[in-house]
Amino acid sequence: MRVEGEVSKFQNIKRGVRQGCVLSPDLFSLYSEIIMRNLEGHPGIKIGGSNINNLRYADDTVLIAENEKDLQQLLDIVKEESEKKGLELNRKKTEVMVVSRKQALPIINIYIKGTRLKQKDQYISIRTRRRALECYIEPILMYGCEAWTISKQTQKKLEATEMWFLRRMMQISWTAKKTNDTVLEEADTTRLLISKIRKRQATFFGHVMRREKLENLVTTGMLEGKCSRGKQREKLIEGLTDWLKAGKSLEAIEATKDRKKWRIMIANAVKQGT
């Protein structure tokens, strides 16, 4: 190693590759594949007629079995084959979990070199589940929401959908008879979906108003002719004006011209949770 012009003593590198070397992930994948091939034919679980005893993603590996004996056998094989390749299982990072419909989960004893592995009830935290919900599920629901007109009926449906997402995430069935407030408390969150939609609408609306192009004319222009009988449909700008507490629609349109002021109005509305 050369540090500020001085060269250190030569050292023998017995294992591993240099930091950031592109060969590292290839070698790991190669070794991992060779090791896991020794599990072929050993019992796991049957899905669609296929036997599955392991799942892998990057450097994370899950061993799957129907009983304690088979799982211990799978782990022993992986441990032995890994040691043959100069690798070692990290006992502190290796844990076991029982997936069962029983309310009282059975206790299992799985060992690595005489050390009993810690048994967990769940692996993914509530916070991680919420982030996965926000990253992968909600964007699908909110696709194109910038142009939605949200009536009271639509808002109720969206709020019901939001609670359904949380109940599925928390694995809370309707038979549990838990109120929405209880579910929100257990999920450590509040109702946020409507505010997220309104925020996206307000941001998009601000862009449209400042451009002063065709979209601006369509949004703010008046149609010629008489209005139909009965209550008129709510307009997008009316819903945003009410959410932003901007007074009248014209005041909201005028506020969009000042980008900083418009952002402050949106931030205040989101903070209020309206």
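**A tour by selection**

Begin by selecting helix α6, residues 193-211, in this predicted model: at 1.5 Å a residue its 19 residues should span 27 Å, and because its end C-alpha atoms are 28 Å apart, the expected and the computed span agree. While α6 is still selected, colour its buried residues, which are Leu 193, Ile 194, Ser 195, Ile 197, Arg 198, Gln 201, Ala 202, Phe 205, Gly 206, Val 208 and Met 209. Then step on to Glu 212, the residue that follows α6, and look at its backbone, where phi is positive, near 55 degrees.

Next, select Val 78, which you will find in helix α2, residues 68-84. Is Val 78 buried or exposed? Val 78 counts as buried because its relative accessibility is 8%, which is under the 20% cut-off. Show the side chains around Val 78 and, leaving aside its neighbours within four places in sequence, you will see it in contact with Ile 35, Met 36, Leu 39, Leu 63 and Leu 89. For one of these, Leu 89, a distance can be drawn from Val 78: the two residues are 11 residues apart in sequence, and their C-alpha atoms are 8.6 Å apart in space.

Finally, turn to the surface and select Leu 23, Leu 27, Leu 30, Tyr 31, Ile 34 and Leu 87, which together make a nonpolar patch of about 480 Å². Among them, Leu 23 has its place in helix α1, residues 23-36, and, because its relative accessibility is 43%, Leu 23 counts as partly exposed.

Conventions: Residues are numbered from 1 along each chain as its sequence is written. This is a predicted model: local features need pLDDT of at least 70, side-chain atom pairs count only at pLDDT 80 or more; totals for chains, interfaces and linings use all residues. Side-chain values use heavy atoms; hydrogens and water are left out. Patches are made of residues with over 30% relative accessible area and no salt bridge: like charges are joined within 9 Å, nonpolar side chains (Val, Leu, Ile, Met, Phe, Trp, Tyr) within 5 Å. Accessible areas come from the Shrake-Rupley method with a 1.4 Å probe; for residues, only the protein chains shown count as cover. A salt bridge is a side-chain nitrogen of Lys or Arg within 4 Å of a carboxyl oxygen of Asp or Glu. Helices (H or I, at least four residues) and strands (E, at least two) are DSSP runs, numbered from the N terminus. Buried means under 20% relative accessible area, exposed over 50%, partly exposed in between (1.4 Å probe, protein chains only). Contact means heavy atoms within 4.5 Å. The expected span of a helix is 1.5 Å times one less than its number of residues.
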